[in-house]
Amino acid sequence: PMVWKGRVYFVSDRDGTMNVWSMSSSGSDLRQHTRHVEFDVQSPSLRNGRIVYQLGADVRVFDVTNGEDVLVPIQLTSDFS
């Protein structure tokens, strides 16, 4: 679980796939924040109002303050042909 401004953020598969959810510190007001179906949310980490997590081979960031969920563009350079 990850706590931010009175809410507890966590991953759950209650919709069939692991996604980011939250609830108030009292356990009420359950909310689903991501709705991925192809891969499970893995290894979430919250800092400064953003949850970074792995989804398949991608890294994504969910902004708790505005609800925006974006892909982190990563390019790996190599000298392999």
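Helices (H or I, at least four residues) and strands (E, at least two) are DSSP runs, numbered from the N terminus. By that rule the chain has 0 helices and 8 strands, and its elements run β-β-β-β-β-β-β-β from the N terminus on.

This is a predicted model, in which local features need pLDDT of at least 70 and side-chain atom pairs count only at pLDDT 80 or more, while totals for chains, interfaces and linings use all residues. Residues are numbered from 1 along each chain as its sequence is written, and side-chain values use heavy atoms, with hydrogens and water left out.

**The chain as a whole**

The C-alpha atoms fill a box of roughly 55 × 30 × 20 Å, taken along the principal axes. The chain exposes about 5600 Å², of which carbon and sulfur atoms supply 50%; accessible areas come from the Shrake-Rupley method with a 1.4 Å probe, and for residues only the protein chains shown count as cover. Of the 81 residues, 32% count as buried (buried means under 20% relative accessible area, exposed over 50%, partly exposed in between; 1.4 Å probe, protein chains only). Among contacts (heavy atoms within 4.5 Å) with a separation of 6 or more, 15% are between residues 24 or more positions apart.

**Strands E2 to E4**

Two strands pair if DSSP finds at least two bridges between them. Strand E2 (residues 7–12) runs antiparallel to E3, joined by 6 bridges; serine 12 has asparagine 19 in E3 as its bridge partner. Strand E3 (residues 19–24) is mostly covered, with 5 of its 6 residues buried. E3 also pairs with strand E4 (residues 31–32), in the antiparallel sense over 2 bridges, and serine 22 stands opposite arginine 31 in E4.

Both pairs are hairpins. E2 and E3 have 6 residues between them, and glycine 16 lies in the turn. The hairpin of E3 and E4 also has 6 residues between the strands, and it includes glycine 27.

Positive phi values occur at these two glycines and at two other residues, listed here.

| Residue | Place | Phi |
|---|---|---|
| Glycine 16 | hairpin of E2 and E3 | about 105° |
| Glycine 27 | hairpin of E3 and E4 | near 95° |
| Lysine 5 | loop between E1 and E2 | about 45° |
| Asparagine 48 | loop between E5 and E6 | about 50° |

Lysine 5 is exposed, with a relative accessible area of 72%. Asparagine 48 also counts as exposed, at 60% relative accessibility.

**The sheet of E5 to E8**

An open sheet of 4 strands has the order E5-E6-E7-E8, with antiparallel pairing. Strand E5 (41–47) and strand E8 (69–71) stand at the edges with a single partner strand each, so one side of each has no neighbour in the sheet. Neighbouring strands of this sheet are turned by 25° against each other on average, direction ignored. Within the sheet, strand E6 (residues 50–55) and E7 pair in the antiparallel sense over 6 bridges. One of the bridge pairs joins valine 52 to valine 61 in E7.

**Arginine 60**

Arginine 60 is in strand E7 (residues 58–63). This arginine is buried, with a relative accessible area of 16%. Its side chain makes a polar contact with the side chain of aspartate 69, at 3.1 Å (a polar contact is a pair of N or O atoms within 3.5 Å; within protein, one must be able to donate a hydrogen and the other to accept it, and residues adjacent in sequence count only if both atoms are side-chain atoms). Not counting residues up to four places away in sequence, arginine 60 touches His36, Ile51, Val52, Tyr53, Leu55, Asp69, Val70, Leu71 and Val72.

How values were computed: Axes fitted to C-alpha atoms, helices over the stretch in contact; angles between N-to-C directions.
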